[in-house]
Structures are given as C-alpha cells and as structure tokens.
Amino acid sequence: MVDPVLPPFVPVVLAALALPVVGKYLGRGPAHALGILATAVVVPYVWLVPEGAHLPTLLFGFDAVLFNVDVFSRLMGLIFGFIGAAAVAYSWASDADAVQTAFALSYVGTSLGAVFGGDWLTLIFFWELMAVTSTLLVWYYGGEAVRAAFRYALLHGIGGTLLLGAVIWHFAEVGSFLFSAAEGGMAGPVAPVLAALGMGVNVGFVGLHAWLPDTYPRPHVAASVFLCVFTTKTGVYGLFRAFPEGELAVAYMGGAMAVFGASMALLQNDMRRLLSYHIQSQVGYMVAGVGIAGHLATAGAFGHVFNHILYKSLLFMTVGVVIYRTGQESLKKVGGLGRQMPITAITFFVAALSIAGFPGFNGFVSKGMVIVAAHYKHYDLLWYLLLAGGVGTFLSFIKLGYYAFIHGEYEGTVKDASLGQSVPMVAVAGLCILFGLYPPALYEILPGITEVHGLDAVLGGTEFHPFSFSHLIEGVALAAAGVIGFVLLKTPLSRVGKIPDVDRLYNPGALYGTRGLVVGVTELYAAVDRAAVGLTRATIRLVRDPRTTLDQGLVERVTVEDTIGFGVLLVVVGLAAAVVVL
C-alpha cells in the first residue's frame, strides 16, 4: 500500500526549529506547549496510518523508503511520541529553556526518522543525525557535560562508522538498501559482524557501554529523561532489523548485559549513574529477546522496549525531582525524602517495582516473556543470567529507594514535585500499572500475538500465561532474594566508593593515542617537507649549473636528515599507491 503519508518526524523537527524563536518572543510556556503538541500528535497519527503504508523516495540517488509502517515501527512510534510529550512537559516544569528542549525535540525527530525508515540507508542517515542531536543536548548544559558530550560523540562516531560499513557491505551483497531485499537481515559474512558491533555501541554491549554512565548523569535533569529513551531503544530496533531470525551470540551478550549492568548499578551512589547502568541491564533483556528470536521472544523484546521506556523515563523523572529540589546527586547526601515528597516517592516505587519485574507491574509481563522464551528454547545458561539480572535489579532499587526516601532524614525542608512535574509522572506511573495488571492492553500493539484468552496470549502457537502460579512464584522469589541480599549487603555496600569502569582505560588511551597520532603525523610531515625542500633546491642548482654543482659535490649537500626524509617520502608514496591498487 502506497499512501501520500507524511513522516512523523516532520512536525517534530519543524517544532524543534521553531522553539527557540517562539521561546524568545512568546516565552517558555508557549514554546513547550508547541513541543508537547508536536510530539503528542505522533501517537494518534501512527496508530491510524494503516499497516503497510510507505513513502518511497530517492536518497542520495538510491531507492529508499522514508516512511514505512509495520507492527515494529508502529510500536516504536507510539511510545516515542507519548514519552516525548511527557518529557517536554516535565522539561517545562523543571525550568529547561526553549533551546535545550529544541535540541531534545530534534533528538526525538531523528529517532522517529530512524525507526520509520524502510531501508538501511534511511536508517543510517537518521542514526547519525540522532548521534549529533543527542550530543548537542548533552553539550548544551555546559560544565562537565561538555567533555562527556565529546567522549559520547567520539564513541558513537566509531559505532556509526562500523554500522555504515555494514550497510555498504550489505548493499554490495544484495544490490539494494531496502529491508525487503533481504528478508534474513544483514547479508554476507562480514556485514552482520560490523552491524552487531556498530549497534552494540548504542545498546551498550559489555565493553562498549561506558558512555552510558559517563554521559547520562551530566546534563540537565530533564535532558536525562530524553536521553534514557531513544538511543538504546533505537539500537534494539536496529538489531532486530539486522537479525530478524535471531543470533545466539547476541542473545548471550544480552544475558551478560543484564548481569553486568545490574551488578555495576548496585555499587553506585550517584543516583543517575545507578539508573544509567540499569539501562544497560534492562536493554540486555531486549537484546536477549532479539537474539533468541521466535514469536514469544520477539514480542517480549519489543514489549520490554515499550515498558522500559515508561518506567525508565519515570525513574529519571523522580530522581530528577530529588536533584532539582535538593541539588544533590549522591545517595549519601539525601535521605528520608518520602515524608516530604510523597508524590515523588510513590511514583518512584511504582517505577522501581516495574523495572524489577514485580507481579502487577508492566516489567513483570514483558521481562517474563523473554525469560520464558529462553526456558522454552532450553538456553539454560541464558535463563540463569536473566534471573540473576532480576535479583540484581531488585537489590539496586531497594538500595536506591531505601536511602533516598526511607532511611535517614534530609537536613532541610524540600518541596514535592510541582504540578507540572507531577502530571507526567503520575500519567506514566498509571500506564506502568495498567499494562502490568491488564496485559491485553500491551498485547494489542505487540508483534506475533495471534489470540488472547483473558489475560493470556498465544504467539505463533506458543502460549504465555503471565499470571501462572510458577511465574508468580518466580517474581516473588526474585523479590525475596533481593530483600535478603540487601539486608546482608547493606553495610558493605555503604562503604563502597566510586568503582572504575572500562572507560578508565580507553579514555586515557584515546587521549594519548590521539595525541601521539597527531604528533607522529606532524613530525612525519615535517620530515617529508624538509626532504622535499632539500631535494628541490639541489635539483634547481643542478639544472641551472650542472658542472659547478657536480664539482661542488651535490650528494654531499644533501644532508642525512634529507636522505631519511626522502626515504620516508618514498615509503608513504608506496603505501598510498598500494592502497589505491587494492
């Protein structure tokens, strides 16, 4: 079906361009109202556009599809639009200026462009724009966020380059960028590897993840709400497009992410850093679902994308209110805030129970799909990894909730969330409960659902019973293990300082490596330049007066340094020629 449809990124990007002007002349309120309208309208629009609608076009001279509607892109568009509107409202209530929100909206718009593209060229085009706009959103805050933004841009530039290499290799294999040209995803032996590594940066593969806790705690608290949503989830969507039939190595990487992220989060005292590690952990369940493949695992992966965006944005909102009201980022400098901030505390615990997968909350449903799929496929090690990640999640959020809202007493008087902050927080918390208690509301938008019986679903012949006795016992047992673990570990955890991550190695390595490369290239250029100048002068003398020049000993006038430089020049020219030939 080809319809004259307008890609949903268009109104969002136009609003982003208009926001600074509207903010300057009409004020923050009207500017943010425009942002809310531009993102909110995406929800009914992508819901009403029929599946199969697409907008073929040419991009850089190649066939492309700028807007493609299927069950996967529709789900991404629904949640991106809704949470974008909620985050803009939260930004206004948290004193974000119109320019910052304009950067945020450009980030939302480029993310929508990526997930609605129907080909690899469109996806990589918006993928790179998404990296640029998110970098600007971080960088705009100034201070420590500037250096974090540069590190973020460098790593995502590397990831984008790897993905671009995969896209080009795929094109060489199939002769087209369109998704429909290769139903099995990335073609050939090389493109899938490059794609996994490039997208692995965005989703936070273990070893490629350190940008998450480095970047997301740095900018304005409202910026963190946007950041926690789009990059990693667009990465999961991209992984599915690259591996629609699954990949076991990707699945096990997801299991490793679930455990590693939860373990590192448990050791953090910086609240937003703790939440950032849990992005990696929870995205691990989505990556595992993509890697396992099949109806149940794929539905679980995308259901968890949807649910995670809800509860993770809510967690960043609630923690953002704590930071906004107290000015403190560390758990060691707050405490007992639940008595003064009841709305913030209640919505936080709704989000915490959701991310931990407690029965009755949305994370329990979608996380359960992935865990059950691993069990059905007899991937026992992966199943244990996902369960261990669940225990770590309970531990982490018991720690965060206990020290922020229950234990101790904050010195000073603080206000609860404002009305403008409370409305989006309560709305998102309500959806976390709705999708947890009534899963059919979630099934309506998930891929692969063939039948719904009560609260149960059938996915391609595989039955899923979210409230079966065994699944309920599993959820309660994980919670009990988390409580017992926290009681046993509370004292040791209180003594833990800042734990280093792999960026302690590659940040200095990148700095000094880049510096060494620059110095090496500069010195090489200087040596080649000296050799070229010396040889040019000698050649001119030889042409003008060959007899005198030879009598004076031309060879003696060419210094050792010039000779070495000429040798270097020959080597460089030879290498360049080899590259051209190859």
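This is a selection-by-selection tour of a predicted model, from the whole chain down to single residues.

**Whole chain**

Start with everything shown as a cartoon. The protein has 23 helices and five strands. Its radius of gyration is 27 Å, close to the 25 Å that the globule rule gives for 582 residues, so the protein is as compact as a globular protein of that length. Measured out along the principal axes, the C-alpha trace spans about 100 × 60 × 55 Å. Colour by accessibility next: buried residues account for 54% of the 582.

**The β1–β2 hairpin**

Select residues 54-59 for β1 and 62-68 for β2; these strands run antiparallel and are joined by six bridges. Within the pair, Leu 58 stands opposite Asp 63 of β2. Two residues lie between the strands of this hairpin. One stop here is Phe 60, in the loop between β1 and β2. Phe 60 is not a glycine, yet its phi is positive, at about 60 degrees. With 59% relative accessibility, Phe 60 counts as exposed.

**Asp 95**

Move to the loop between α4 (71-93) and α5 (98-116), where Asp 95 is found. Asp 95 also has a positive phi without being a glycine, near 70 degrees. Its relative accessible area is 49%, and because exposed begins over 50%, Asp 95 is classed as partly exposed.

**The largest pocket**

Select Arg 151, Asp 503, Tyr 506, Asn 507 and Pro 508. Of the 25 residues lining the largest pocket, these are the closest to its centre. The volume of this pocket is about 650 Å³. Now show α7, α9 (211-215) and α20 (503-544), each of which supplies at least two residues of the lining. The most comes from α20, with nine residues. Coloured by class, the lining of the largest pocket shows 13 nonpolar, two polar and ten charged residues.

**The second largest pocket**

Select Asp 70, Phe 179, Ser 180, Glu 183 and Arg 241, which lie nearest the centre of the second largest pocket among its 15 lining residues. Two or more residues of that lining come from each of β2 and α10 (221-242). The space in the second largest pocket is about 320 Å³. Its lining divides into seven nonpolar, five polar and three charged residues.

Keep Phe 179 selected. It is found in the loop between α7 and α8 (191-203). Is Phe 179 buried or exposed? Its relative accessible area is 14%, so Phe 179 is buried, the cut-off being under 20%. For a distance check, add Gly 390: the two residues are 211 apart in sequence and 34 Å apart in space, C-alpha to C-alpha.

**The cavities**

Two cavities of 30 Å³ or more are present. For the largest, select Ala 356, Gly 357, Phe 364, Lys 367, Gly 368, Ile 371, His 471, Glu 474, Gly 475 and Leu 478, which line it. The volume of the largest cavity is about 60 Å³. Both α15 (362-376) and α19 (469-494) supply at least two residues of its lining. By class, the lining of the largest cavity has four nonpolar, four polar and two charged residues.

For the second largest cavity, select the lining residues Trp 127, Glu 128, Met 130, Ala 131, Tyr 152, His 156, Asn 202 and Thr 231. The volume here is about 50 Å³. Which element gives the largest share of this lining? It is α6, with four residues. At least two residues each come from α6 (120-139) and α7 (144-174). Four nonpolar, three polar and one charged residue make up the lining of the second largest cavity.

**The cysteines**

Finish with Cys 228 and Cys 432, drawn with their side chains. The structure holds zero disulfides. For Cys 228, the nearest cysteine sulfur is that of Cys 432, 12 Å away. Why is Cys 432 not bonded to Cys 228? The sulfur of Cys 432 is 12 Å from that of Cys 228, its closest cysteine sulfur, which is too far for a bond; a disulfide needs the sulfur atoms within 2.5 Å. Cys 228 counts as buried at 1% relative accessibility, and Cys 432 is buried with a relative accessible area of 0%.

How values were computed
Residues numbered from 1 in each chain as written. Predicted model: local features only at pLDDT ≥ 70, side-chain atom pairs only at ≥ 80, totals over all residues. Heavy atoms only, no water. Buried < 20%, exposed > 50% of the residue type's maximum accessible area, 1.4 Å probe, protein only. 1 Å grid on protein atoms, 1.4 Å probe; cavity = no way out; pocket = protein on both sides within 12 Å on 5 of 7 lines; lining within 4 Å. Points joined across faces, edges and corners; volume = space filled by probe spheres on them. Nonpolar A, V, L, I, M, F, W, Y, C, P; charged D, E, K, R; others polar. Pairing = 2+ DSSP bridges. Rg over C-alpha atoms; globule rule 2.2 N^0.38 Å.
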